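Hi everyone, thanks for coming. Today I'd like to walk you through one protein chain, step by step. Have a look at it first, and then we'll start.

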Amino acid sequence: MDMKETVIQGIKAALAAAVSAGDLPDGEYPDVLLEVPPQKEFGDFATNIAMQSARIAHKSPRMIADVLLKHLDAPWLEKAEVAGAGFINFFLKHDIIYDTLCHILEQGKQYGQAPLRAEDTVQVEYVSANPTGPLHVGHGRGAAYGSALVNLLRAAGYNVQSEYYINDAGNQMNNLAASVNARYLELLGKKAEIPENGYHGADIIDTARAIIEQDGDKYLQMDEKDRLEIFKNRAYEEKLKALKRDLESFNVTFDKWFSERTLHPEAIKKACETLKGNGNMYEKDGALWLKSTAYGDDKDRVVIRDNGVPTYLAADIAYHKNKYERQFKKLINIWGADHHGYVARVKAAMAALGLDPNQLEILLLQMVSLFRNGELVKMSKRTGQAITLNELIEEVGTDAARYFFIMRSLDTQLDFDLDLAKSHSNENPVYYIQYANARIFSIYKQIAENGDVFDMTWKNIKWDKLKEERELALIKKMAAYPEEIRKAAAERAPHRIAHFVYEMAGLFHAFYNNCHIIQSDKELEEARLALVTAVQITIANCLAVLGISAPETM
């Protein structure tokens, strides 16, 4: 049990004892909430439970606070004070703070990880970009955020499956084939034009050139329909392979890759039959329409066009129906902000199918703007097209790119400073954090060079040597990590962990600059070495959640 939970349980026990003794009336008292006071003179924790309980107890908050302290059995408590209108401030004994330090050292990589709750199943679907070209910077933010959210939920004990929905059916694949075909013909000296909705990226030329290098001009003699089908499959396989490779280089992997093709035609047909059968689909002007206005959408939507071709919505209805059938307790989709108008219709479709739309949680990711030398960067110098994720990684590195993408809440626009992300200075937050980790390993190296040997089981440490305020502040910060994981997971907020580890790094650097670790007092040296080892564990665990490395040297 962590420090905060120990205090909460102590207050709950005092409340129950006060009711049992008749000092407080029976009733439904509120949950105990603890906060860390903004100033250390107000203690380690504070609660307003006495103020929250006044209406139930029919007593003044200060009287309730006095009663609670009378019944508080707390061997971990140095002292408690009633302040203001009825706040209770708690000052903990150092022993319980040291217990937390021991716990971190024992847990190691597992520190902050809640036990797996196999029944709490969550599916997170993210990125899901069309396999028609390279990932761009906007996809990068979704990839970093989504993978960090998956890590975060797993750390909080959820049973998570990550999924990529491959949009490999429909017009975009036909346009991909036609675009490759046009470049193929051009490279062989034939006149050709890329279709209006085709793809103009340099990667399309590369695909066409690769086909020529392998097979020459043999497809010129083939019927165009057959040639397009071959080019579609060749381009699709190449783009999907490249997409997976690019994501892996960005520390992003998926448990499942779901192909839209598998939904055509049977799954779509079955979804439509269900909607027809329950009266939520009707025919008009030769098309099939979803009665989405009955479920909160602003208008009814076409699902099957008058020519029998399914709309994108048709596949999405079948896909999400499939997700529900896999019986996840929670479904999380991460979409770009440009899909805002699509949320209501998909949720309406789920309700029309008789499913719980609240089981589907859709998070919208805002835009990213890149800046270099203070000026907005829109196009790649290399291709004249949008900047790809690979180009960003080449310029700033995977770690910096991931941190900068994650450090802001997903619902805020992100201004990405390329110059800052590349800098090796304390102004660069990811460098600042990783430097703290590397500094700790430099301490280990110095100690080894001095010939000192310590028992890394930390069994005989004189913990009471750690009395400096900077030492205690570090321990208290680390003690808050498990709760920070819980809160961040509940709020779907990986940026909270990014902020937490940055603050931890700041506390460590301040400690390092003011408290000598290697010194003549070997008991103090050993205690401080244990302390910085716990710091390294916590920093590395935070960075693991964010999908960022914890380098031993910088």
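Let's begin with something from a record: an unreviewed UniProt entry lists residues 129-139 as a short sequence motif, the 'HIGH' region. Keep in mind that what you see on the screen is a predicted model. In this model, the stretch 129-139 is 27% helix and 0% strand. Its end C-alpha atoms are 7 Å apart.

Right beside that stretch sits serine 128, in the loop between strand S5 (117-125) and helix H6 (137-155). What is special about the phi of serine 128? Phi is near 45° there, a positive value in a residue other than glycine. For background, most residues other than glycine have a negative phi. Is serine 128 buried or exposed? Its relative accessible area is 12%, and buried means under 20%, so serine 128 is buried.

There is a second residue of this kind. Arginine 492 has a phi near 55°, again positive in a residue other than glycine. You'll find arginine 492 in the loop between helix H18 (481-490) and helix H19 (494-514). With a relative accessibility of 14%, arginine 492 counts as buried.

While we're on backbone geometry, look at the peptide bond from histidine 264 to proline 265. That bond is cis, with omega near -10°. As a general point, most peptide bonds are trans. Proline 265 belongs to the loop between strand S7 (256-259) and helix H10 (266-277).

Now let's zoom out. How many helices and strands are there in the chain? The chain has 20 helices and 15 strands. Of its 554 residues, 52% are buried. Along the principal axes, the C-alpha atoms fill a box of roughly 90 × 65 × 40 Å.

The domain assignment gives domain 1 (3-92), domain 2 (121-167 + 256-365), domain 3 (171-250) and domain 4 (429-546). You can see that domain 2 is written as two stretches, 121-167 and 256-365. How far apart are the C-alpha centres of domain 3 and domain 4? They lie 52 Å from each other.

Let's move to a hairpin. Strand S3 (residues 77-83) and strand S4 (residues 87-92) run antiparallel and are joined by six bridges. One of the pairs to look for is glutamate 81, whose bridge partner in S4 is asparagine 89. Three residues lie between the two strands of this hairpin, and glycine 84 takes a positive phi near 60°.

Just ahead of the hairpin is proline 75, in the loop between helix H4 (61-70) and S3. Proline 75 has 60% relative accessibility and counts as exposed. If you like distances, try proline 75 and tyrosine 342: they are 267 residues apart along the chain, and their C-alpha atoms are separated by 56 Å.

Next, a sheet. This one is open, has three strands in the order S14-S13-S15, and its pairing is mixed. Why is one side of S14 and of S15 left without a neighbour in the sheet? Strand S14 (375-377) and strand S15 (414-417) stand at the edges, each with a single partner strand, so each has one side with no neighbour in the sheet. From one strand to the next, the twist averages 40°. Strand S13 (residues 368-372) runs antiparallel to S14, and three bridges join them. In that pairing, leucine 370 stands opposite valine 377.

Let's finish with helix H20, residues 522-546. Here is a small check you can do yourselves: at 1.5 Å a residue, its 25 residues should span 36 Å, and the end C-alpha atoms are 36 Å apart, which agrees. The helix is mostly covered, with 22 of the 25 residues buried.

What caps the N-terminal end of H20? Aspartate 521 does, with a side-chain oxygen 3.2 Å from the backbone nitrogen of glutamate 523. After the other end comes glycine 547, whose phi is positive, near 75°.

Within H20 we also find asparagine 541. At 10% relative accessibility, asparagine 541 counts as buried. A polar atom of its side chain lies 3.1 Å from the backbone oxygen of tyrosine 111.

That's my tour. Thanks for listening!

Key
Residues numbered from 1 in each chain as written. Predicted model: local features only at pLDDT ≥ 70, side-chain atom pairs only at ≥ 80, totals over all residues. Heavy atoms only, no water. Domains from an automatic or database assignment. Pairing = 2+ DSSP bridges. Helix = DSSP H or I, 4+ residues; strand = E, 2+ residues; numbered from the N terminus. Axes fitted to C-alpha atoms, helices over the stretch in contact; angles between N-to-C directions. UniProt positions renumbered as here; feature names shortened; annotations may be inferred. Expected span 1.5 Å × (residues − 1). Buried < 20%, exposed > 50% of the residue type's maximum accessible area, 1.4 Å probe, protein only. Polar contact = N/O pair within 3.5 Å; in protein donor to acceptor, adjacent residues only side chain to side chain.
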